[in-house]
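What follows is a short guide for a reader meeting this structure for the first time. It begins with the turn of a hairpin and then moves outward to the strands, the chain and a pair of helices.

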Amino acid sequence: MTATSELEVLKALQDLSSGKGMNILPDTTVSPATLPTDIKNAHETRVGVSMLVGITYKSTDGSIKERDFLIRRIVEVKKDAYIDGIAVDVKAPRLIKASQIIKIDDIGTGRKYDNPYKFLQDKLGISIADDILPEQLPTFATVIERMHNEITVLMYVVAIDGIREKTERKVVADYVRSQTPDLTYSDDELDDYLISIAPDATSAGMAFQRILSKDKTVLQPFVEALINVIMANGSADEKERIFLAKVLDLLENKGFRFDLGL
């Protein structure tokens, strides 16, 4: 996707939430952090996560810090990982190395993780080396790997009016189920993941970029789910219609045609 269309995606998401009741804790215009230049062979494992947690960690100066943190992406380097996101209190990008983390609190579910690698494995579906965490990767990890970008965007749209309706979340859950019929996992696992997603336009924009690069067979059911989420309360308002039109414009630029039916 071009730089222009990247900005269009982000602006469309920001415009969608403008003037609504959505409670965005960090400044959504804050860009992702930049990895230090001395880090080699790094690769992004999760992008556009948008998950709000409490992190207690050891800073580079040796002090212990506790802060609310919006996770946007995970970058793996050899056996370790960096959590990239926004420190809510200072509204600034931060990179936190997993090995420096003392504990992580999942704010959405209230679950606490004394082992940061267990959080990465259980909550974000990232495979951790056996010598660091000798536990089997849960089946739900495959759901996260396959669907986390789509979930981030859809849950962003669910939350734009400041109210996370159960009916809207069910639409997202049904969509995820329809795209993962080959996997076995519980409703509680899926619901816990959906609840943990925190709305952030930049994260949703990052996720949307990944979605738009996927095959048309993935895009069609995603757009249908997007429409279903917006229409879950019976109608689409003007901002939602404009947003959907922008999405369709971007898809048409990729040679994809889809009728909104609105």
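In this predicted model, strands S5 and S6 form a hairpin with five residues between the strands, and in that hairpin glycine 110 takes a positive phi near 80°. The two strands, S5 and S6 (residues 112-113), pair in the antiparallel sense over two bridges, and within this pairing aspartate 105 stands opposite lysine 112 of S6.

A second hairpin is formed by S1 and S2, again with five residues between the strands, and glycine 62 in its turn has a positive phi of about 90°. Here the antiparallel pairing between S1 and S2 (residues 64-77) runs over 13 bridges, with leucine 52 standing opposite leucine 70 of S2.

Strand S1 also takes part in another pairing, since S1 (residues 42-58) is joined in the antiparallel sense to S5 (residues 101-106) over five bridges. In that pairing valine 53 stands opposite aspartate 106 of S5, while tyrosine 57 has isoleucine 101 of S5 as its bridge partner. The surroundings of S1 fit into the picture as well: 13 of its 17 residues are buried, so S1 is largely enclosed by the rest of the structure.

The strand pairings described above are set side by side here.

| Strands | Sense | Bridges |
|---|---|---|
| S1 and S2 | antiparallel | 13 bridges |
| S1 and S5 | antiparallel | five bridges |
| S5 and S6 | antiparallel | two bridges |

Turning to the whole chain, there are eight helices and six strands, and from the N terminus on the elements run α-β-β-β-β-β-β-α-α-α-α-α-α-α. Of the 262 residues in the chain, 49% are buried, and the accessible surface comes to about 12300 Å², with 47% of that surface belonging to carbon and sulfur atoms. Among contacts in the chain with a separation of 6 or more, 64% are accounted for by residues 24 or more positions apart.

How do two of the helices, H3 and H6, cross, and at roughly what angle? The axes of H3 (residues 140-159) and H6 (residues 201-212) come within 8 Å and cross at roughly 135°, which means that H3 is oblique to H6. The crossing of these two helices is left-handed. On the side of H3, the contact is made by Asn149, Glu150, Thr152, Val153 and Tyr156, and H6 contributes Ala201, Ser203, Ala204, Ala207, Phe208, Arg210 and Ile211.

Definitions and conventions: Residues numbered from 1 in each chain as written. Predicted model: local features only at pLDDT ≥ 70, side-chain atom pairs only at ≥ 80, totals over all residues. Heavy atoms only, no water. Pairing = 2+ DSSP bridges. Helix = DSSP H or I, 4+ residues; strand = E, 2+ residues; numbered from the N terminus. Buried < 20%, exposed > 50% of the residue type's maximum accessible area, 1.4 Å probe, protein only. Contact = heavy atoms within 4.5 Å. Areas by Shrake-Rupley, 256 points an atom, 1.4 Å probe, with all protein chains shown as cover. Axes fitted to C-alpha atoms, helices over the stretch in contact; angles between N-to-C directions. Parallel < 35°, antiparallel > 145°, perpendicular 65-115°, else oblique. Left-handed = near helix turned anticlockwise from the far one by under 90°.
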